[in-house]
Structure formats: C-alpha cells, structure tokens
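Colleague: Hey, have you got a minute to walk me through this one? I'd like to get my bearings before I go back to the bench.

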Amino acid sequence: MDVGLKRELEQKVYAGERLDRADGEALYASDDLAWLGRLAHHVRTEKNGDRVMFNVNRHLNLTNVCSASCAYCSFQRKPGEKDAYTMRVEQAVAKALEMKDEQLTELHIVNGLHPTLPWRYYPRVLKELKQALPNVKLKAFTATEVQWFEKISGLTADAILDELMEAGLESLTGGGAEIFDWEVRQHIVDHACHWEDWSRIHRLAHSKGLRTPSTMLYGHIEEPRHRVDHVLRLRELQDETGGFTVFIPLRYQHDFHDSADGKIRNRIQARTTMASPAESLKTFAVSRLMLDNFDHIKCFWVMHGLSLAQLSLNFGVDDLDGSVVEYKITHDADSYGTPNTMHRDDLLHLIWDAGFTPVERDTRYQVVREYGPPVGLAERRSEPQQVWA
Ligand code: SF4
C-alpha cells in the first residue's frame, strides 16, 4: 500500500474517525498483517481494554430437515434422508437438560426450514425449554427462520416475535446473513430471506427491545469489497437501532468428510478455497476497524480453530463463543480436529494464555463473572505449556 495512504488511514483510526468504503477496501488490499493487527488492537483496546468475553452456552438444532439447499450448507437434509432428524419437544428439553450442571447461561437454537412442522411447534419448544431451564437465556432462530414462520403461519413477523418473546425468546441469532450483496448472494443462498427481510426482521426485533448478534459468512466466492459492503450495511442499521450486540465473521467451511452417508452437499467447494488463517485475521481486523458503532467482535472458535481464535484476540476480537458442548452445523463439515467440546476452564486458560482477562457474560453482554488477570508467560515458563490445536 502507498505510504501516504497508510499514514492517512492510521491517522483516521487514531483520531477515531469513521472509515468509508474506499478505506475498507484499501485495508483489505494491504498485506501488512502486523500493521492491520496493530490498528485493530488499538480500537479493540479503547473499547474493551484487555477483557475477553465468553459465555457458557449450548447449541441446539431442533431439525436438520430443510426446504432450502443453500450452496455452502452441509447441514441440511431432505425429508426421508437417512440421517434427517427432527426432535420432539421432549427430546429437545432432554438434550438441553444434559447441560444442567454446566452452569449454562444460554441456549443457541437454529434449525432447517422444515417443510411440514407447524408454526405452533416453535413457541411450544421455547416455552418448555424455559420451564425446564428458567435461568437459561433462549437465543433462537435466524431472521430466515422468522421469515419462514411468516410463510407457514400466515402471521406477520410482528405477531411472530411477540409470541416467541412471550414464550421466552431473549434474542434472535445472527445467522442467515451470509453475504448481503446480491452479486454473491444469488449464487449461494437458496431461500427467500435477503437483506431487505433480514434487516426488516432485526430492525423489528430491536424495536421490541431484543438485542441481536450479526454475522457474515466469508472466505468462499465473495471478494473483499463484498465484505466491506456487508459491514457497511450493518453499520448503517446499527446507527439507526443500536440493537446489535456483536459482529461475528464466520469462516466458510468445505464439506470434506464423513457424514453418515458420505455425500458432499456443499456445491461451491469446487469453485473456491477456504480463507487462510492470514485472511481470517485480516477479516477480523478490518471488521473491527469499520464497525465503529459495534461494541464487540466475536471469534467463533469452532469455525476457526483454537490457535487462530487465540491470535484473533490481537486482531480486534474481544469475544469468544462459547463453552460449546455440541455443535452440529460446522461439525458436519469439519475435519480439522477442532474439538467440539470446550468447557469453562478450557476457555479461561485459552484466554489467560493469550495474555487477556476473561469475563463471563450472558446473552445481552451483561457480566456474569469477572476473573483475575493473566499470569505472565515469563512467570509460567517452568510449567508445562498448553498447546491449542
Ligand atoms: S443454510 Fe439454513 S436455510 Fe440454507 S440449506 Fe442450510 S439449513 Fe437450510
């Protein structure tokens, strides 16, 4: 990058000035990863000090049966396929109860767009889960699912959200965002929820007092300019509502692997590669720099691996999800040896080991528990070192 432009961008960041589209694209064009990290770390430290938030949650996928066939998705199954499943309400509750002793604070629930499950099933599941685990916050459904509920129920999103909130919903999930730009989106998304509906539903949720996360699926057929466009749309909506809690870049995953029937469902992997660790760090850093009105940037370690998650804390990330006991969507596509189980202690050590102070949070980013600061590596040198896969 031109030295003058570099200096100009630096000055903007250190003066707290808002970056524009051209700035975002210029940052992606830079290969000076250490420089990008330094800038993002400055912003992250201004906003969050040396704190790294995490929560103890469980992911629950009620059904993998889906009417859509998004090109990147290895999770969906069609009715009648061998490993298609749909949980009865009691099964969902039993699965959630398995985590009772983990001091769980959140259930994260996302599902396929089931062609025949009635709308009434969804508020019923929430109600029963809430009854079984009254202290656990229910973060459930993507905007795509809410739009699907409109279709199968004939109700408006307004009425749907009211009913779900009545049943215990505390937050939507941030999924279904992928890449908003139609140039890319038309090739990867196979349902009817695009930017207009995704933003309509999150705007509505925010107006009802819900706070929601937001995501971006990167590292497939999109270009950096599409990522910049994506975060600018979110930034504009955040200016309007202030309702987003966090931004979560999700790394697109190839479908390698060993699902029960050995089929590869992902239809774009022949045309693309996955983002390298350097590209991921760059994406975290640029997102942090562009999203000046977002408090938090999250690394979902299941999709990035633990080593990269640790490094991302120096590239703008201040939030790690989560203490996940089971996570199906990625693990139907993952062959990296990333564990699918991390407990609170594992996560604490991962954060301390990177030189940060862990803070346990709940779904609304309220502090559940503060932990002590890290012990310096120099003081720990005589102890066995943990190696994060
Ligand atoms: S991403 Fe979601 S909507 Fe698309 S096919 Fe997969 S489960 Fe269905």
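Modeller: Sure, let's go through the ligand shell, a helix pair and the sheet. Keep in mind that this is a predicted model.

Colleague: OK, ligand first. Which residues are around the ligand?

Modeller: Cys66, Ala68, Cys70, Tyr72, Cys73, Phe75, Gln76, Leu113 and His191 are the ones around it.

Colleague: And how does that shell divide into nonpolar, polar and charged?

Modeller: There are 7 nonpolar residues and 2 polar ones, with no charged residues in the shell.

Colleague: Switching to helices. At what angle do α1 and α3 pack?

Modeller: About 15°, and the axes are 10 Å apart. Helix α1 covers residues 3-14, while helix α3 covers residues 33-48.

Colleague: What does that make them, roughly parallel or roughly antiparallel?

Modeller: Angles under 35 degrees count as roughly parallel, so α1 and α3 are roughly parallel to each other. The crossing of α1 past α3 is left-handed.

Colleague: Which residues make the contact?

Modeller: From α1 you have Lys6, Leu9, Glu10, Val13 and Tyr14. From α3, the partners are Trp35, Arg38, Leu39, His42 and Val43. By type, the contact of α1 with α3 has 6 nonpolar, 1 polar and 3 charged residues.

Colleague: Now the sheet. What is the strand order?

Modeller: It's an open sheet of 7 strands, running β6-β7-β8-β9-β1-β10-β11, with mixed pairing. At the edges sit β6 (212-218) and β11 (367-370), each pairing on one side only. From one strand to the next, the twist averages 30°.

Colleague: Which helix packs on the sheet, touching β6, β7 and β8?

Modeller: That's α11, residues 277-290. The strands β7 and β8 that α11 touches are 244-251 and 296-300, and the direction of α11 makes about 160° with that of β8.

Colleague: Back to the β11 edge. In which sense do β10 and β11 pair, parallel or antiparallel?

Modeller: Antiparallel, over 3 bridges, with β10 spanning residues 357-361. Valine 359 stands opposite glutamate 370 in β11, and arginine 361 is opposite valine 367.

Colleague: How many residues are there between the strands of that hairpin?

Modeller: The hairpin of β10 and β11 has 5 residues between its strands, and tyrosine 365 takes a positive phi near 65° there.

Note on methods
Residues are numbered from 1 along each chain as its sequence is written. This is a predicted model: local features need pLDDT of at least 70, side-chain atom pairs count only at pLDDT 80 or more; totals for chains, interfaces and linings use all residues. Side-chain values use heavy atoms; hydrogens and water are left out. A residue is near a molecule or strand if one of its heavy atoms lies within 4 Å of it. Ala, Val, Leu, Ile, Met, Phe, Trp, Tyr, Cys and Pro count as nonpolar, Asp, Glu, Lys and Arg as charged, and the others, Gly among them, as polar. Axes are lines fitted to C-alpha atoms, for helices over the stretch in contact, and angles run from 0 to 180 degrees between N-to-C directions. Helices (H or I, at least four residues) and strands (E, at least two) are DSSP runs, numbered from the N terminus. Angles under 35 degrees count as roughly parallel, over 145 as roughly antiparallel, 65 to 115 as roughly perpendicular and the rest as oblique. A crossing is left-handed if the near helix is turned anticlockwise from the far one by less than a right angle, and right-handed if clockwise. Contact means heavy atoms within 4.5 Å. Two strands pair if DSSP finds at least two bridges between them.
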